[in-house]
Structure formats: C-alpha cells, structure tokens
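Visitor: I should like to examine this model by way of its helices and selected side chains. Please begin with the packing around one helix.

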Amino acid sequence: MRILGREVLEALLSPSDVIAAVERAFRESAAGRAAALPRAVLPMGRHGVFLAMVSALPRLGALGTKLVTVIERNQRRGLPTIHATYLLTDPETGAPLALMEGGFLTGIRTGATSAVAARHLARPDSRVVACFGAGVQARFQLLCLREILPLAEVRVVGRDPARATAFAERMSRELDIAVRIETSRKAAVIGADVITCATTSSRPVFSGRDLAAGAHVDAVGTFRPATREVDTLTIQKSRVVVDTYEGAWEEAGDLLIPIKAGAITRRHVRADLAELVAGTRRGRTSPQEITLFKSVGFAPEDAVTARLAYDRAMAAGLGTEVSL
C-alpha cells in the first residue's frame, strides 16, 4: 500500500485535471454506474462532527472510504477546520491501494465540483467574484472557478481582517488578478457575477436583495440541515441545482429551512449535477437568470480524485510504499 501525503498530492493534482475527473464521476452517476452509501454523521459535541463517506465507481477502478472531522473551533487554535484521510481500495481484489491525506483531496474536489456546475450555470463572461470565506476551501473555489471563467476581480469578505488580508494577498499572486478586501457584504455582492460561499457560518452571509440579474451563487460551506449560508430570498430568486438530490434532502439547510417554512417546495430544485452533465436537464436559461448551486458533497468525487492521484503517483514513483 502506498502512502501519499499532502505535498505529493499537491504535485500530482491540478485543478483542471480534477475538474475533468469529477465530471467523469457525475457522468458515471447519471448512467447508474456510481454507488455511494449515505454519509455517516457523528456529532462531536457542539462544535464538531465526524463524517464517513464510502463510494465505488467500478468502471473507473475507484473504491474508497473517506474519514473526516470538521471542528469549527480549530481556527482559534491555529489548526485546519477539516482533517481527513482517504483509503483507496482495488474494486476487483479488495486490496488496499493507498492511504492519502484527505484535506487537500476534499478541498480540490469540492472546488472542482463547483467549477463543473459553474460551466452550466454561470454566465460564460463572468469576471467579478464575491468570495465569502478566507480559508482553505475558499482558495480552492477560486482556483477552480478561474479554470473555466475569465475572472478579473475578486472581493474577499472574511470575519478575521488579518486572515482575510493574508488570503487576498496570496490569491492575488496565485490568480494573477486583482483580489481585494471588502468590509461591506452588500458592496461585495452588488455587481458581482459569481458569489462563492465557503464559510462555517450558520446564518446567511449576504442578502438576496443585493444580487444582480445574471448572478451565479455557489454555496458549499454548510452541510447540516439547521445551518445555511444563503437566505430564503436568494433561494426563491434562483434557478437551483444541487450536487445530489439525496444529499440535499438530508443535509442542505440552505434548502431545507425555506422548505420547512413553506417558502418553497422541493420542485424549486430544477436539477442535480449529474443531470446537467448528462444533458437531461437544463442549466442557465438566459443571461438575466439568477442561478444557484448547492453542494453538500458526493463521495464519488473523492473516489475518482483519489484514483487519479494514485495512478499518477505510481507512474512517477512518488509516495511511500508500506506493508500492513
């Protein structure tokens, strides 16, 4: 079995390659060739949760399990909010192939999934992004969105001014575009073509009143039924697509809260991402339409990304081989 640490994964996986891999996973799902167990969720007190995600894509040689902890208070400790590991298994023999660091894997596959969705939902001329969040996931959202959209400006809104400033400086170098801090949530959203939300907030981070016609909202931060990053008005104004129906009806508070309040019904969700990728449902229907992608995570995204990393590591002779 091969051990793949974060540095190795960073060298092996580019945003564009992971976007392509994740799109293949959703094509497999649309064809009925991807299997995933419901995500197991174990609360850890008031501020943490332990997750287990299992999936198989036999045609792509991907079978695996991800174990994740999400501890919101870790930011105060100077630690990552998310710790994760991924075990990749051979679907033919059942033998373990690799154990890899799962935080990078989770971040890049989540950003890649948003990019696949934005390809169908965002206006292709989208240039200005309002980015809520200044952590690891926000970085991956921007790196992956930049692969498919002609981004020229990013407005960062973060709770910690020092952290947000450091994030803006880093992303300006990595993206080679203007990235600036915006202290007003309203000013960040007004005129933005894409609003990406990658926070741990339990309440809406902006008002739907400020959305411009033609905007696309990308909501990936919350994954619990009682928390949300976007308000009811944003949902009501948007053409809504989810990563999977099953995940949305179990965990997407952004949708479940307005459904419970009677503000929308399940029919308000127009498609899941597999349907967009397969072309059986439409994405954006006009330049003026407001669209929204709600993601809570889909285990096959991890499986195909892990398989890609493993194949490249073996070809390049990277990682550490161990015997169990």
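Visitor: Which elements are included in what covers the buried residues of α6?

Guide: Helices (H or I, at least four residues) and strands (E, at least two) are DSSP runs numbered from the N terminus. Buried means under 20% relative accessible area, exposed over 50%, and partly exposed in between, with a 1.4 Å probe and protein chains only. The cover of the buried residues of α6, where contact means heavy atoms within 4.5 Å, includes β8 (128-132), α5 (136-148), β9 (153-157) and β10 (178-181).

Visitor: On what basis do these values rest?

Guide: This is a predicted model, in which local features need pLDDT of at least 70 and side-chain atom pairs count only at pLDDT 80 or more, while totals for chains, interfaces and linings use all residues. Residues are numbered from 1 along each chain as its sequence is written, and side-chain values use heavy atoms, with hydrogens and water left out.

Visitor: Within what arc do the buried residues of α6 fall?

Guide: The buried residues of α6 are Ala 164, Phe 167, Ala 168, Met 171 and Leu 175. They line one face of the helix, because the directions from the helix axis to the C-beta atoms fall, for these residues, within an arc of 105 degrees.

Visitor: Which exposed residues does the face of α6 turned away from its buried side carry?

Guide: That face is turned away from the buried side of α6. The exposed residues on it are Ala 162 and Arg 173.

Visitor: How far apart are the end C-alpha atoms of α6?

Guide: The expected span of a helix is 1.5 Å times one less than its number of residues. For the 15 residues of α6 (residues 161-175) this gives 21 Å. The model agrees with that expectation, as the end C-alpha atoms are separated by 20 Å.

Visitor: Which residue follows α6, with a positive phi?

Guide: At the start of α6, a side-chain oxygen of Asp 160 comes within 3.0 Å of the backbone nitrogen of Ala 162. After the helix comes a residue with a positive phi near 60 degrees, namely Asp 176.

Visitor: What is the reach of helix α2 from its first C-alpha to its last?

Guide: Helix α2 (residues 15-30) has 16 residues, for which 22 Å is expected at 1.5 Å a residue. Its buried residues include Val 18, Glu 23, Phe 26 and Glu 28, and their cover includes β4 (48-57), α4, α5, α11 (273-278) and α12 (299-316). The reach of α2 is close to the expected value, at 23 Å.

Visitor: Which side chain makes a polar contact with the side chain of Gln 141?

Guide: Gln 141 is placed in helix α5 and is buried, with a relative accessible area of 0%. A polar contact is a pair of N or O atoms within 3.5 Å; within protein, one must be able to donate a hydrogen and the other to accept it, and residues adjacent in sequence count only if both atoms are side-chain atoms. Beyond four places in sequence, Gln 141 touches several residues, among them Thr 110, Asp 218 and Val 220. Its polar partner, at 2.9 Å, is Ser 114.

Visitor: What is the geometry of the aromatic pair formed by Phe 104 and Phe 140?

Guide: Rings of Phe, Tyr and Trp (its six-membered ring) pair if their centres lie within 6.5 Å; planes under 30 degrees apart count as stacked, over 60 as edge-to-face and the rest as tilted. The whole structure holds 4 aromatic pairs. In one of them, Phe 104 and Phe 140 lie 5.4 Å centre to centre with 75 degrees between the planes, which is edge-to-face. This pair links Phe 104 in helix α4 (residues 102-121) with Phe 140 in helix α5, and their separation along the chain is 36 residues.

Visitor: How many disulfides does the structure hold?

Guide: A disulfide is a pair of cysteine sulfur atoms within 2.5 Å. The closest cysteine sulfur to that of Cys 144 is in Cys 131, at 12 Å, too far for a bond. For Cys 197, the closest is likewise in Cys 131, at 8.6 Å, also too far. The number of disulfides is 0.

Visitor: Is Pro 150 buried, exposed or partly exposed?

Guide: Pro 150 lies in the loop between α5 and β9. Its contacts beyond four places in sequence are Pro 124, Asp 125, Ser 126 and Arg 127. With 38% relative accessibility, Pro 150 counts as partly exposed.
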